[in-house]
Amino acid sequence: MRIGRIAVTLATLAVLTVVIVTAARAHTLFLKLDSFFLEPNSTATVALINGDFDNSENAIARDRMLDVSVVGPEGVVHPPESAWRDSAVFHWSPDSVDTAVLTFETGGPGTYVIGVSTAARVITLSAEDFNEYLVHDGITDVIKERAAAGKTNDEATERYSKHVKALVQVGDARSGQWAHQLGYPVEFMPLSNPYELRRGDELQVRFLRAGRPVANQLVYANYEDHHGHDAAGEHVEAVTTRTGADGVATIPLRRTGRWYVRTIHMVETTDEAGVDYESNWATLTFQVR
């Protein structure tokens, strides 16, 4: 019995260690469907994943959602709060309710855009935790800037918000809504309809901050079941690239399946007392056949 108790205690400590490490890291936000190909005039669901592309670690509170939009050929719909529910779609701990799920109705055939934009939150992290977060999420430019400024050992207060989009194909007919700009603080704008592309093609996306292209922005892309971390704890992605002078990044679509494109635009700021950095997170999700 004593051995059994020790085993349980060690298992509990292991779980707590994972929770503590996870808490020190930020969570990327994604809109994810079982299939991004839907039927016209049907009821569909989309999960708001807060963690990584494979697992959600907590459900987003409704009061954080500044905008929820579903854009189709028949116009823009803003689903009410009652269209959301919390569900244990992905289990990261026993009995967790870890995912916000939106139920919405499709209309006629076309390429739809779904978007969610969150309010800003402020968090203060120790130097160790902040540096670990920068490594984990690949914010390498800020790592170098902090080192050059002698700030590597400084704690940091960050104001962050997240802005996510999904492109969904309803029925067979394509439509122009894939090019609809939601006007979020940061946003990925595809330069072509992903549902007119196939494996082996390239998708170009323009990254916008306050509606303007951002040059030299680090952009990552990946597909389902490819997520991992290296020995330093950094994400292992299928594609790592930067935007050009026109804010455009090129994503080679090497595999079929569900894809994401992500970035974190982080800059030093002095526009709010006590805040050192402002970060705006953006993701774009879609599916390749």
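This report looks at the nonpolar cores of a predicted model and then at the surroundings of one serine.

Let's start with the greasy parts. In soluble globular proteins, nonpolar side chains tend to be buried together. Here, the largest nonpolar core has 53 residues. If you want to find its best-connected members, look for Leu48, Val168, Ile251, Trp259, Val261 and Phe286, which have the most contacts inside it. Strand S10 (residues 156–170) gives this core its largest share, 5 residues. There's also another core lying apart from that one, with 12 residues, including Leu125, Tyr160, Met266 and Trp281.

Now for serine 279. You'll find serine 279 in strand S20, which covers residues 277–288. Is serine 279 buried or exposed? Its relative accessibility is 1%, so it counts as buried. The side chain of serine 279 also makes polar contacts with two other side chains, listed here:

| Side chain in polar contact with serine 279 | Distance |
|---|---|
| glutamate 158 | 2.4 Å |
| tryptophan 281 | 3.2 Å |

What else is in contact with serine 279, leaving aside its neighbours within four places in sequence? The residues are Tyr133, Glu158, Arg159, Tyr160, Ser161, Ile264, His265 and Met266. Two names here, Tyr160 and Met266, also turn up in the core of 12 residues.

Tyr133 takes us to a helix. Helix H2 spans residues 127–136, and Tyr133 is buried there along with Ala127, Phe130, Leu134 and His136. Just after H2 comes glycine 138, with a positive phi of about 70 degrees.

Notes:
Residues are numbered from 1 along each chain as its sequence is written. This is a predicted model: local features need pLDDT of at least 70, side-chain atom pairs count only at pLDDT 80 or more; totals for chains, interfaces and linings use all residues. Side-chain values use heavy atoms; hydrogens and water are left out. A nonpolar core is a set of buried Ala, Val, Leu, Ile, Met, Phe, Trp, Tyr and Cys residues joined through side-chain atoms within 4.5 Å. Buried means under 20% relative accessible area, exposed over 50%, partly exposed in between (1.4 Å probe, protein chains only). Helices (H or I, at least four residues) and strands (E, at least two) are DSSP runs, numbered from the N terminus. A polar contact is a pair of N or O atoms within 3.5 Å; within protein, one must be able to donate a hydrogen and the other to accept it, and residues adjacent in sequence count only if both atoms are side-chain atoms. Contact means heavy atoms within 4.5 Å.
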